[in-house]
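Please open the model in a viewer and keep the sequence panel at hand. The tour below proceeds from one selection to the next.

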Amino acid sequence: MLVLSRHCEEAIMIGDDVEIVVVDIRGDKVRLGVNAPARVAVHRKEIYESIRQENAQAASLRGALGAIPGTPSLAHQRAAAIQNIAAARISA
């Protein structure tokens with residue numbers, strides 16, 4: 001793991017497209033800003049793990065039940081979940 005030190009309003013770059021900025025530091029909490037293209041999914045780790053778990057459960061159900069006519073595909077369900085999370089992140 002690479003460990004970096006940054007002061008408030010300083011940034012790090014991940015590749016050419018993702019910028020992580022230290023927005024605020026209060027006690028033991030650090031607020032980070034993430035500038036990334038829309039094609040790059042950015043989630044808090046606990047949200048990411050939840051999405052992975054739900055996708056795994058949905059995949060196992062689909063495997064057990066087979067495709068259910070009239071239901072959205074897993075790709076459509078995942079896209080909807082990502083949109084819901086993005087909307088929640090914007091309103092937070």
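What pattern does the chain follow when read along the sequence? It is β-β-β-α-α, with helices (H or I, at least four residues) and strands (E, at least two) taken as DSSP runs and numbered from the N terminus. The model is predicted, so that local features need pLDDT of at least 70 and side-chain atom pairs count only at pLDDT 80 or more, whereas totals for chains, interfaces and linings use all residues. Residues are numbered from 1 along each chain as its sequence is written, and side-chain values use heavy atoms, with hydrogens and water left out.

**Whole chain**

Select the whole chain and colour it by secondary structure: two helices and three strands should appear. Next, display the surface. Its accessible area is about 7,700 Å², and carbon and sulfur atoms hold 57% of it; such areas come from the Shrake-Rupley method with a 1.4 Å probe, and for residues only the protein chains shown count as cover. Of the 92 residues in the chain, 9% are buried. Buried means under 20% relative accessible area, exposed over 50%, and partly exposed in between (1.4 Å probe, protein chains only). Among contacts in the chain with a separation of 6 or more, 8% link residues 24 or more positions apart, a contact being heavy atoms within 4.5 Å.

**The segment before β1**

Select R6, which is located in the segment before β1. R6 is partly exposed because its relative accessible area is 38%. Beyond four places in sequence, R6 touches A11, I12 and V22. Show the side chain of R6 as sticks and follow it to the backbone oxygen of A11, at 3.3 Å. A C-alpha distance can also be drawn from R6 to V21: it is 8.8 Å, across 15 residues in sequence.

Move on to E9, in the segment before β1. Is E9 buried or exposed? E9 is exposed, because its relative accessible area is 69%. The backbone of E9 merits a check, as phi is near 75°, a positive value in a residue other than glycine. Setting aside residues up to four places away in sequence, E9 touches V21 and V22. From E9 to L32 the C-alpha distance is 9.4 Å, with their positions 23 residues apart in sequence.

**Strand β2**

Select D24, in strand β2. D24 counts as buried because its relative accessibility is 18%. Display the side chains of D24 and R26, which a polar contact of 2.7 Å joins. A polar contact is a pair of N or O atoms within 3.5 Å; within protein, one must be able to donate a hydrogen and the other to accept it, and residues adjacent in sequence count only if both atoms are side-chain atoms. Apart from residues up to four places away in sequence, D24 touches C8, K29, V30 and R31.

**Helix α1**

Select I51 in helix α1, residues 45–65. I51 is buried because its relative accessibility is 11%. Leaving aside neighbours within four places in sequence, I51 is in contact with H43 and I85. The C-alpha atoms of I51 and R78 are 8.1 Å apart, although 27 residues separate the two in sequence.

**The largest pocket**

Select L32, V34, H43, R44 and R89, which of the 19 lining residues lie nearest the centre of the largest pocket. A pocket is an open set of points on a 1 Å grid over the protein atoms alone, where a 1.4 Å probe fits, with protein on both sides within 12 Å along at least five of seven lines; lining residues have an atom within 4 Å of a point. Two or more lining residues come from each of β1 (11–14), β2 (18–26), β3 (29–35) and α2 (74–91). Which element gives the largest share of this lining? It is β3, with six residues. The volume is about 710 Å³, a volume being the space filled by probe spheres set on the points, which are joined across faces, edges and corners. The lining divides into 13 nonpolar, two polar and four charged residues. Here Ala, Val, Leu, Ile, Met, Phe, Trp, Tyr, Cys and Pro count as nonpolar, Asp, Glu, Lys and Arg as charged, and the others, Gly among them, as polar.

**The second largest pocket**

Finally, select V34, A36, P37, A38, R39, V40, A41, V42, H43, I82, A86 and R89, which line the second largest pocket. Its volume is about 200 Å³. Helix α2 supplies the largest share of this lining, three residues. By class, the lining has nine nonpolar, one polar and two charged residues.
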